[in-house]
Amino acid sequence: MTWSIPLGRVYGTEVRVHVTFLLLLLWIAVIDAGQGGLPAAGRGVLFVLLVFVCIVLHEFGHVLAARRFGVTTPDITLLPIGGVARLSRIPEQPGQELVIALAGPAVTLVIAVALFAVTGTRPTLVTVDPGGSLVGMMARLASVNLFLLLFNLIPAFPMDGGRALRALLGYRLGFVQATQIAASVGQGFAFLLGFLGLIANPILLFIALFVYLGAAAEAHTVQLRQVAQGMIVGDSMMTRFETLPLDAGLDDAVRALIRTAQRIFPVVDGTGRLQGVLSQSALVQRAQAGGPDVVVADLMTRGIPAVHPYQPLGDALRLLQDGSLPAVAVTDAADRLVGLVTSETIGEVMLTHGVRSSRAAGAGRQSGRTRDAA
Ligand SMILES: [Zn+2]
């Protein structure tokens, strides 16, 4: 997720914080300072940091449950509406997704119950300013955890409740249809929340935006996967492109960019083997910082995975999405680079999907899409 800052790694999962979460901290500090001066601002920020710890524990509930099913979690991002654990793949078995979705709220429930028990307070959503008392702060934290639990269980994507809803629908419907329903419920909920935000609290508008975008992104990811079903890598790769040698300078790269209108360049060594890819955006971003000695090997993205032309397109899509990579390489049996799959080439397949499926009967499989550089 962009606009997020990495904090560190725990058990191989990177914990990141979204800048809007920092804005929330600032907002609380300002409000509290206005009401009770500097000590109140300090308590306010400390309190939000404790909430933050509870959210991280919630997310690790998801992470550990996912690990049981062999699903890793590259990162967790903390947003003002809670955390988002990015799974390396979404388990398409409803039972597994249900367990993963509910593991986070289960952790939050345990924290809330424990805090209410320790402080001897009655479970309530009403929070009162604890003043300087530690017990008061813990009781308030318990209430916040109760709120987080209820909020996360709202059956609307991308909340945990929405994932649970998709899993439950998935027992009856297909994964794609179940996602579309859960995403529509999520977007409907976002509109409702946005409307409430307009009349009640502007923070809700913020939350509504995150909910709306989260639901839309999930629906899009699953839609892509549906289109990819039944297709092979060869259906969606570009096969005409120029490559750059490792020692090409910035001028060479820029000239190639203008000459070919290509947005991504494979970078190859002397024997023609792929060493990385250089995207237009990386070139533009990093070229300004680099000196005259910079070569494309310094700017390229390394570790590009390779697939074969006859592999399912879904494999390439998963690699692209999970690794947030600019491209996946396509190599032949002799390990030679024959094509590239990018989100653009898959996007083109999506655009032409309707046309292709209506002409598919009897037409047989078309050859790979080519992008002519000329
Ligand atoms: Zn969760």
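A residue counts as buried here when its relative accessible area is under 20%. Keep that cut-off in hand, since we'll lean on it throughout this predicted model.

Start with strand β3, residues 75-79. By that cut-off, 5 of its 5 residues are buried, so the strand is largely enclosed by the rest of the structure. Look along β3 and you'll see Asp75, Thr77 and Leu79 pointing one way, with Ile76 and Leu78 pointing the other way. Both sets are buried.

What does β3 pair with? Strand β2, residues 13-18, runs parallel to β3, and 4 bridges join them. If you want a handle on the register, find Glu14: its bridge partner in β3 is Asp75. To get from β2 to β3 the chain travels through helix α1, residues 19-68, and the resulting β-α-β crossover is left-handed. Then there's strand β4, residues 82-86, which pairs with β3 in the antiparallel sense over 5 bridges. Here the register can be read from Leu79, whose bridge partner in β4 is Gly82.

Now for the UniProt record. The unreviewed entry lists residues 15-34, 40-58, 98-118, 138-157, 164-183 and 189-215 under "transmembrane region". Two of these spans can be set beside the model's geometry. Residues 138-157 come out as 75% helix and 0% strand, with the end C-alpha atoms 30 Å apart. Residues 164-183 are 80% helix and 0% strand, and there the end C-alpha atoms lie 12 Å apart.

Over on the surface, Phe195, Leu196, Leu198, Ile199 and Leu205 make a nonpolar patch of about 520 Å². Helix α5, residues 175-199, supplies the largest share of that patch, 4 residues. Leu196 is a handy one to click on: this residue sits in α5 and is partly exposed, at a relative accessible area of 38%.

On to the charged pairs. Side chains of opposite charge can pair when their charged atoms come close. Searching the whole structure turns up 6 salt bridges, and three of them are worth a visit.

Go to Glu97 and Arg166, whose side chains meet with an N to O distance of 2.5 Å. This pair links distant parts of the chain: Glu97 belongs to helix α2, residues 94-119, and Arg166 to helix α4, residues 160-170, putting the partners 69 residues apart. Is Glu97 buried or exposed? With a relative accessible area of 5%, Glu97 is buried. Arg166, at 1% relative accessibility, counts as buried too.

The salt bridge between Asp252 and Arg255 has its closest N and O atoms 3.2 Å apart. Both residues lie in helix α7, residues 250-260, and they are 3 residues apart, about one turn of the helix. Asp252 is partly exposed, with a relative accessible area of 34%.

Finally, Arg263 forms a salt bridge with Glu344, and the closest N and O atoms are 2.6 Å apart. Arg263 is in the loop between α7 and β6, while Glu344 is in helix α11, residues 343-351, so this pair ties together parts that are 81 residues apart in sequence. Arg263 is partly exposed, with a relative accessible area of 46%, and Glu344 counts as partly exposed at 30%.

Methods. Residues numbered from 1 in each chain as written. Predicted model: local features only at pLDDT ≥ 70, side-chain atom pairs only at ≥ 80, totals over all residues. Heavy atoms only, no water. Buried < 20%, exposed > 50% of the residue type's maximum accessible area, 1.4 Å probe, protein only. Helix = DSSP H or I, 4+ residues; strand = E, 2+ residues; numbered from the N terminus. Pairing = 2+ DSSP bridges. Right-handed = clockwise from strand over helix to strand, strands pointing away. Patch = residues over 30% accessible without salt bridge, like charges linked within 9 Å, V, L, I, M, F, W, Y side chains within 5 Å. Areas by Shrake-Rupley, 256 points an atom, 1.4 Å probe, with all protein chains shown as cover. Salt bridge = Lys/Arg side-chain N within 4 Å of Asp/Glu carboxyl O. UniProt positions renumbered as here; feature names shortened; annotations may be inferred.
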